[in-house]
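Visitor: I am new to this structure, and I would like to understand how each description is justified. Could you show it to me and then take me through the reasoning?

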Amino acid sequence: MTNPKEFCDLDARFAAYRPVELPPGFSDAVMLKINRDHKHRHHRDIALATATGFLLGALAYIVSTLVFLAGKFQLGDWIKRAEELARQVDATIFLIATHTVKVIFKASDAIAFSPWPDFAMHALVWVTSALALCTIFVSAATVRWTIKKNATPSHS
Amino acid sequence: MTNEARKDFAGEPIERIQLHFGDVVERYQQPIASFIYSFVFDVETARDLTQEVFVKAFRSLPSFDPSRPLSSWLFGIASNHARDFIRRRRIPTDSLDETGENIPDGGADPAKASFLRELGDSLSAALAMLPLDDRELVLMRHVAELSVPEIAAISNLSEANVKVRLFRARQRLQAILGRDSFL
């Protein structure tokens, strides 16, 4: 059994234990590295949020254009035919798929055959643009929030 | 920040710790460097890993629970980082003498004796002879100055288990150091 005196010796050895001498200015170098890493991550977050905003906006444009074109070129008729065919061959999955697409095209039909097709088209474009802008603003707000949350560290 | 809070940053909100992170670095850089050195036994590597630990800690600060002591959280990160480094570099983690009973006299294995001589400091050399898990417990207790409950929380062991293992590790360390002639 180790006696208490020996334990005290061990404590004294640990108290003097300093195997690594840190050079002067080490903490400054650490803070510099932290600040660089912080800025890098911050810029990456901004780039990601902006790219996500633009991508979502572009996606909204593409979807609305597709829906509009489908209505304009009466693709709904093709869907109706496909649905009838699915019913005839009793293909349940295909039936569900065509039914889902039919619901989407119903909306585009309504736009394409409305008494004011031009107005509907313009409305669609405006709504999509607003959606894209909203997405970008939300991204920007997220970035702002991130900046506020991750305040830059100081070194006193 | 008050002097008392500067000492251990107890109860400080995360935002304040974030803004005064320079003080955290000043306060813990030396013990963390010593702690990491006792895993890797290389001064330059210990310095680099110490820097990385603080960068990692600053990144993870939003997930820090301010009701916990900052020191145990920092040393937990340091321990994981050092272990990751050892795993990546495939540094052998076996102690130089697993049993701790047959202390090398320097002549039996020239490679071991040379390594121990390179370490210079007898405590470093003695620590190198402890198994990694025991070494970590001893370092957490004596270099990081963590309490037994804090060590138990970091190492996922019961407090009783930590106490027993610490006692045995200290005994082995004492036995190794008792034969200073091994260097």
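Guide: Let us begin with a term: buried area is the accessible area, taken with a 1.4 Å probe, that two parts lose on being put together, summed over both. By that reckoning chain B and chain A bury about 3400 Å² between them, with 61% of it on carbon and sulfur atoms. This is a predicted model, in which local features need pLDDT of at least 70 and side-chain atom pairs count only at pLDDT 80 or more, while totals for chains, interfaces and linings use all residues. Side-chain values use heavy atoms, with hydrogens and water left out, residues are numbered from 1 along each chain as its sequence is written, and chains are lettered from A and ligands numbered from 1 in the order in which they are written.

Visitor: How many residues does the contact take from chain B and from chain A?

Guide: Contact means heavy atoms within 4.5 Å, and the contact takes 42 residues from chain B and 33 residues from chain A.

Visitor: What makes Asp11(A) and Arg170(B) a salt bridge?

Guide: A salt bridge is a side-chain nitrogen of Lys or Arg within 4 Å of a carboxyl oxygen of Asp or Glu. The N to O distance between the side chains of Asp11(A) and Arg170(B) is 3.2 Å, so the pair meets the rule. Across the interface of chain B and chain A the rule finds 2 salt bridges, and the side chains of Arg59(B) and Asp37(A) meet in a salt bridge as well, at 2.7 Å from N to O. Arg59(B) lies in helix α4 of chain B and Asp37(A) in helix α2 (residues 26-72) of chain A, so this pair joins two chains. Helices here are DSSP runs of H or I with at least four residues, strands are runs of E with at least two, and both are numbered from the N terminus.

Visitor: Why is Arg170(B) called buried or exposed?

Guide: Buried means under 20% relative accessible area, exposed means over 50%, and partly exposed is in between, with a 1.4 Å probe and protein chains only. Arg170(B) has a relative accessible area of 11%, so it counts as buried. Its partner Asp11(A), at 37%, is partly exposed, whereas in the other pair Asp37(A) is buried at 15% and Arg59(B) is partly exposed at 41%.

Visitor: How do you know which residues of α10(B) line one face of the helix?

Guide: In α10(B), the buried residues include Val162(B), Leu166(B), Arg170(B) and Leu173(B). Seen down the axis of α10(B), its buried residues fall within an arc of 155°, so they line one face of the helix; the arc is that of the directions from the helix axis to the C-beta atoms. On the other side of α10(B), Ala160(B) and Arg168(B) are exposed.

Visitor: What makes Tyr28(B) the place of a kink?

Guide: The bend at a residue is the angle between axes fitted to the seven residues ending there and the seven starting there. At Tyr28(B), in helix α3 (residues 21-40) of chain B, there is a kink of about 50°, shortly before the proline Pro31(B). This helix is mostly covered, with 18 of its 20 residues buried.

Visitor: Why is Leu49(B) called buried or exposed?

Guide: With a relative accessible area of 2%, Leu49(B) is under the 20% limit and therefore buried. Leu49(B) is found in helix α4 (residues 43-60) of chain B, and, leaving aside its neighbours within four places in sequence, it is in contact with Ile36(B), Val40(B), His81(B) and Phe85(B).
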